[in-house]
Amino acid sequence: MQDNKQCNGCEQALNLLLKKAKDDKVETVWGRALAMQPQCGFGEMGVCCTNCSMGPCRIVKISPDGPKKGVCGATEDTMAARNLARSIAAGSAAHSDHGRDIAEALLNFVKQKRPIKDKEKLKLLAEEWGIKSCDDDTENLVAKVAKTALDEFGKPFGHLRFVERAPKKRKDIWESMNVVPRAIDREIVEVLHSTHMGCDADYRNIMNAAVRAALSDGWGGSMIGTELSDILFGTPAPHEVEANLGVLKEDSVNIVIHGHEPTLSEAMVIAVNDPEMIEMAKKQGAESINLVGMCCTGNEISMRHGIPMAGNFFQQELAIVTGAVEAMVVDVQCIMPSLSQLAKCYHTKLITTSCKAKIPGAIHIEFDEIKSIECAKKIVQEAVINFKNRTGNLLIPKEKSKGKVGYSVEAIIKTLDGVTNTFAHPSGTVKPLVDAIKSGVVRGAAAIVGCNNHRVPYDKCHVELARELIKNDVLVVTTGCGAHACIKAGLMSDDAVKLAGKGLATACGLLKIPPVLHMGSCVDISRILHLVSMVANYMDVDIKDLPIAAAAPEWMSEKALSIGTYAVASGIYVVLGVSPQVTGSENLTKYLTSDMEDIYGGRFDIEPDALKAAGKIINHIENKRKALQI
Ligand code: MSK
């Protein structure tokens, strides 16, 4: 267990709410983590196997007499690799199913004759995928793109279309390793099959299947999720938003929308602005309706609508502890089941909306894509009529910050290229970015992504790492809960250039961008893959040759494992702040932290200390610069 110390005024707000939780006698993630100590050593090292009913089996490393094989004979390498591969497949499944839902939503838009937001992006994607349609028949084109995207999940032949975005040298490596992802569902199923009892026992071969499943996430499911969300709801462009729990309002009906898929949150944005809903809220004695976003839903609606970002993964319970939340509305992923019990201690209604994520004790209002606005209004009504049930036990922290969000690939190119009227075609226009890196003004770029985890100091790892990197002229891009940490710490405001090194500060000042760029939610890490591919293609090198790196300092989810794996297999050096559960197998640990570099040019590194992690990343970037002779 680590202390809760983090950055700036955020720490004060956090401690205030933790004290209130204690006074209110309600538990939070921190208390449960403490009660869980010591955590299972076998599980922690990845050497516990429950894949068949002859188990559970575990490998005892510390005692010479303990079992060194499972009942079936599985070694520590087999067990740890199987466990890791299954987690990666689950992460890939979560992201990719999100992507599928968005593709289905796109098809539903056609059926309902609803307009899409970004026709330009639709045309570019159709062109990229070789889909032809008459210029004036947008509906037809939308349907063809949506169906083509859905085919990516189960097509029997060929490989994923977005693989073609990768540099040739990268594709050659994937081909030589036989890890080119074929169809998204197939790769996930294959991991589950090959890790079934009595199937694949070779940790290297298990990892090959896991890499293919991860690549089918980054270059498949996630990329489909991102690209089609932009087409449906608009490609993000930079603007300022507020962040932290101080965005809750004492005089308004507060609705926190939490989870991942933008279909629900987009409908909620429309519903809360409906005059009939606002009038209803006023009749209940509220000033208005205040919609705020949490976790990746927070990222999605902040970057398209400027909706405030209430907080990240570890703030979901604290939002309810404020006593000011009328409804916490959730869809899928990263929703703590504890919310249900917690909501009952206050007046908050927990509303689940997906058949894939029900929680006992919550109100379930199934989100129907065809009747999206009707559903959203029903949810808003539940919140509004709950306003009168507020007790006096209210504590909204004052702390909130401001920062810029919405740096999609198109927005970054537009900003760097100085294009003013329209989004640039996202090919061949990364020259200004390449020039800035080549000249050394910007030494390189690093992505800081991922979750919160009680094993490391909350938010502090994200923030310290980002600060150290920008101080050393490394441009930072961020997504997910890392993005929430950075905006709360003020690193996404124009003022943050004061914290940047001379070169980066000059570049940011000229372009009027913060030194930490918000690129969206977890699935939007595919934006980062797209951008680095464009840069590599422009420079005629592989992704592994670029002065770039990635870090997930506080990761905890299976999705993060999938992301880390597709990043490494794409040639990127990835520093994790928390070790994956693999250390019981020396061979697998070496495979992840060393052998993968020989194969893919990227590797995992484990470094819980943010400053040391920054040092490693800077070192890696400088070595890449030397190799490129820039
Ligand atoms: S929400 S996966 S806690 S980043 Fe995407 Fe945050 Fe991690 Fe969930």
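## A tour of the cavity, the ligand and the pocket

About 540 Å³ of space lies in the largest cavity, and this cavity is the opening stop of the tour. The model on screen is predicted. Seven cavities of 30 Å³ or more are present in the structure.

**Stop 1: the largest cavity**

Select Ala447, Val477, Ile528, Ala549 and Ala550, which lie nearest the centre of the largest cavity. Then extend the selection to the lining as a whole, which comprises 48 residues. Colour that lining by class: 43 of its residues are nonpolar, four are polar and one is charged.

Where does the largest cavity lie with respect to domain 2 and domain 3? Colour domain 2 (245-389) and domain 3 (405-628) separately; both give residues to the lining, so the cavity lies between them.

**Stop 2: the ligand**

Keep the cavity in view and display the ligand, which sits in the largest cavity. Which residues come nearest to the ligand? Select His260, Cys334, Cys451, Cys481 and Cys522, which come nearest among the 13 residues around the ligand.

With the shell around the ligand shown, colour its residues by class: eight are nonpolar, four are polar and one is charged. Return to the domain colours, and the shell is seen to draw at least three residues from domain 2 (245-389) and at least three from domain 3 (405-628). For the helices, select α12 (295-305) and α19 (480-488), each of which supplies at least two residues of the shell.

**Stop 3: annotated positions at the cavity**

Next, select His260, Cys296, Cys334, Cys451, Cys481 and Cys522, which an unreviewed UniProt entry lists under "binding site". These residues are spread over 263 residues of sequence, yet they cluster in space, with a largest C-alpha distance of 13.2 Å. The lining of the largest cavity includes His260, Cys296, Cys334, Cys451, Cys481 and Cys522.

Centre the view on His260, which is found in the loop between β4 (253-258) and α10 (262-272). Then move to Cys295, a residue of helix α12. Its backbone merits inspection: phi of Cys295 is near 50°, a positive value in a residue other than glycine.

**Stop 4: the largest pocket**

Leave the cavity and turn to the largest pocket, whose volume is about 990 Å³. Its lining consists of 39 residues, and those closest to the centre of the pocket are Gln39, Asn453, Arg455, Met556 and Gln581. To see which elements give two or more residues to this lining, select α2 (29-35), α3 (41-45), α4 (76-111) and α22 (558-569).

Which element gives the most to the lining of the largest pocket? Highlight α4, which gives the most, with six residues. Colouring the pocket lining by class brings out 18 nonpolar, 16 polar and five charged residues.

**Stop 5: two cis peptide bonds**

Now select Gln37 and Pro38, which are joined by a cis peptide bond with omega of about -10°. Pro38 lies in the loop between α2 and α3. Cys40 lies in the loop between α2 and α3 as well, and may be selected for later reference.

Where is the place of Pro56? Look in the loop between β1 (48-49) and β2 (57-58). A cis peptide bond joins Gly55 to Pro56 there, with omega of about 5°.

**Stop 6: further annotated cysteines**

Select Cys40 and Cys48, for which the unreviewed UniProt entry gives the label "binding site". From this set, the lining of the largest pocket takes in Cys48.

For the last selection, take Cys49, Cys52, Cys57 and Cys72, also listed for "binding site" in the unreviewed UniProt entry. Although spread over 24 residues of sequence, these cysteines cluster in space, and the largest C-alpha distance is 10.6 Å. Finish on Cys52, located in the loop between β1 and β2.

How values were computed:
Residues are numbered from 1 along each chain as its sequence is written. This is a predicted model: local features need pLDDT of at least 70, side-chain atom pairs count only at pLDDT 80 or more; totals for chains, interfaces and linings use all residues. Side-chain values use heavy atoms; hydrogens and water are left out. On a 1 Å grid over the protein atoms alone, a cavity is a set of points where a 1.4 Å probe fits but cannot get out, and a pocket is an open set with protein on both sides within 12 Å along at least five of seven lines; lining residues have an atom within 4 Å of a point. Grid points are joined across faces, edges and corners, and a volume is the space filled by probe spheres set on the points. Ala, Val, Leu, Ile, Met, Phe, Trp, Tyr, Cys and Pro count as nonpolar, Asp, Glu, Lys and Arg as charged, and the others, Gly among them, as polar. Domain bounds come from an automatic or database domain assignment. A residue is near a molecule or strand if one of its heavy atoms lies within 4 Å of it. A molecule sits in a cavity or pocket if more than half of its atoms lie within 2 Å of its grid points. Helices (H or I, at least four residues) and strands (E, at least two) are DSSP runs, numbered from the N terminus. UniProt positions are given in the numbering used here, feature names are shortened, and annotations may be inferred rather than shown by experiment.
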